[in-house]
Amino acid sequence: MKVATQSGHALPDAGARALPEVRAYGPVVVRGDTLPDAGLGGARAAREVGLTRSEFARAVQLGIVRAGPPAPGGAARYPRAELDRIRSADGFPGALREQVETVTGAEAAGGVLGISPGRFTRLARCGHITPVGYRINRYRVVVWLYLAAELREFAAREAGMLRGSAPPADRELMAAKADLRPRKWRGRHVGLLLRRTADPWERAAVLASVLPADELREAVPDPAERIVLTALAPPPPYGHPQIPAAAAVALRLLRAEPPDEVHWYRTSLDFALTGARGQSKSTGERGPT
């Protein structure tokens with residue numbers, strides 16, 4: 001049997017057991033259903049709510065705008081009812097733009113807080129401020145993005161951290177050359193993806209996507225299950241580079257690295273797969289049986 005992927009291609013048979021059809025990541029269109037509201041594509045939907053493409057992608061990432069059932073080819077669609085909901089919110093459109101406004105790099109982020117780039121970098125590296133995205137510059141260096149609204153909230157909540165000397169815990173981290181930004185971003189990214197689906201196999205696929213390949217093979221020894229998890233894996237986040245050299249740098253951000261972080265995701269994946277396998281046994285709707 002073949003397993004259908006988001007692109008419409010079929011994956012080879014992983015073994016003797018038959019695999020049910022795998023739907024694309026995100027809301028599913030059940031064969032035979034009709035869609036009274038086919039929704040709008042991303043570019044048109046962004047214009048409808050007065051955002052740029054990147055701002056709209058951030059709104060979707062943060063769960064502010066919810067996608068509807070995808071188009072037959074798998075492209076995201078946004079129902080008019082959802083866009084009407086966004087437009088009717090208090091303070092639209094200014095409040096919406098404030099929610100998705102980002103600043104790039106330590107200099108800009110430090111400017112929002114009124115501190116030097118060096119102090120901001122220390123706060124971010126020590127895990128006090130979590131990035132919302134990344135870019136890879138022409139020198140193949142990771143440049144982190146931060147939500148301006150969160151920076152302003154941090155300044156109001158932790159004014160004492162913007163002045164004076166670093167606390168002992170931060171000094172220890174800096175002496176060890178620690179950088180918690182990738183780990184903090186991964187945690188945020190995975191959490192946002194998990195909030196967008198209740199399907200147990202899709203949730204397992206989100207967790208599996210963060211594990212290095214060798215860890216995933218150990219955690220999921222059944223190749224049939226790995227095919228399902230791969231087919232359901234979420235796409236890279238908006239802004240992920242297409243140039244191979246830059247993409248290789250960005251790919252490292254998508255994988256857990258410290259041993260304790262890898263262990264946490266493996267444990268979470270084990271738990272998610274237990275629920276997913278249980279669903280398959282009871283309904284036969286998803287995954288190896």
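A residue counts as buried when its relative accessible area is under 20%, as exposed when that area is over 50%, and as partly exposed in between. Keep this in mind for the exercises below, which all use a predicted model.

**Exercise 1. Get an overview: how many helices and strands does the protein have, and what share of its residues is buried?**

Step 1. Start with the secondary structure, which comes to 14 helices and five strands.

Step 2. Turn to burial: of the 289 residues of the protein, 42% count as buried.

Step 3. Look at how the chain meets itself. Among contacts with a separation of 6 or more, 69% are between residues 24 or more positions apart.

**Exercise 2. Work out the strand order of the open three-stranded sheet, and find which strands stand at its edges.**

Step 1. Read across the sheet: the order is S3-S5-S4, and the pairing is antiparallel.

Step 2. Find the edges. Strand S3 (102-104) and strand S4 (133-136) each have a single partner strand, so one side of each is left without a neighbour in the sheet.

Step 3. Add the twist, which averages 30 degrees from one strand to the next.

Step 4. Check each pairing. S3 is joined to strand S5 (residues 142-147) by three bridges, and Thr104 has Leu145 in S5 as its bridge partner. Between S4 and S5 there are four bridges, with Ile136 partnered by Val142 of S5.

Step 5. Follow the chain from S4 to S5. These two strands form a hairpin with five residues between them, and Arg140 in the turn has a positive phi of about 65 degrees.

**Exercise 3. Identify helices that pack on this sheet, and say which strands they touch.**

Step 1. Take helix H5 (residues 105-113), which touches S3 and S5; its direction makes about 130 degrees with that of S3.

Step 2. Now find helix H9 (residues 181-195), which lies across S4 and S5 and runs at about 50 degrees to S5.

**Exercise 4. Decide whether H9 and H10 are roughly parallel or antiparallel, and describe their contact.**

Step 1. Begin with the geometry: H9 and helix H10 (residues 200-208) pack at about 170 degrees, with their axes 10 Å apart.

Step 2. Apply the cut-off. Angles over 145 degrees count as roughly antiparallel, and so H9 is roughly antiparallel to H10.

Step 3. Pick out the residues that meet. H9 brings Val190, Leu193 and Leu194, while H10 brings Arg203, Val206 and Leu207.

Step 4. Sort them by class: the contact has five nonpolar residues, no polar ones and one charged residue.

**Exercise 5. List the buried residues of helix H2, and find what covers them.**

Step 1. Locate helix H2 at residues 53-61; its buried residues are Phe56, Ala57, Arg58, Ala59, Val60 and Gln61.

Step 2. Look around them. The cover includes H1, H4, S3, S4, S5 and H9.

Step 3. Go on past the helix to Gly63, which follows H2 and has a positive phi near 80 degrees.

**Exercise 6. Trace three salt bridges, and say which parts of the chain they link.**

Step 1. Note the total, a count of 16 salt bridges.

Step 2. Find Glu48 and Arg87, whose side chains meet with 3.1 Å from N to O. Glu48 belongs to helix H1 (residues 42-48) and Arg87 to helix H3 (residues 80-87), so this pair ties together parts 39 residues apart in sequence. Glu48 is partly exposed at 23% relative accessible area, and Arg87 is partly exposed at 28%.

Step 3. Move to Arg152 and Glu101, where the closest N and O atoms are 3.7 Å apart. Arg152 is in helix H7 (residues 148-157), and Glu101 is in the loop between helix H4 (94-100) and S3, 51 residues apart. Arg152 counts as partly exposed, at 39% relative accessibility, as does Glu101 at 34%.

Step 4. Finish with Arg266 and Glu218, whose closest N and O atoms are 3.1 Å apart. Arg266 lies in helix H14 (residues 259-283) and Glu218 in helix H11 (residues 213-219), so parts 48 residues apart in sequence are tied together. Arg266 is partly exposed at 22% relative accessible area, whereas Glu218 counts as exposed at 54% relative accessibility.

Step 5. Look for shared partners: salt bridges of this kind join Arg44, Glu48, Asp84 and Arg87 into one network.

Notes: Residues numbered from 1 in each chain as written. Predicted model: local features only at pLDDT ≥ 70, side-chain atom pairs only at ≥ 80, totals over all residues. Heavy atoms only, no water. Pairing = 2+ DSSP bridges. Axes fitted to C-alpha atoms, helices over the stretch in contact; angles between N-to-C directions. Contact = heavy atoms within 4.5 Å. Parallel < 35°, antiparallel > 145°, perpendicular 65-115°, else oblique. Nonpolar A, V, L, I, M, F, W, Y, C, P; charged D, E, K, R; others polar. Salt bridge = Lys/Arg side-chain N within 4 Å of Asp/Glu carboxyl O. Buried < 20%, exposed > 50% of the residue type's maximum accessible area, 1.4 Å probe, protein only.
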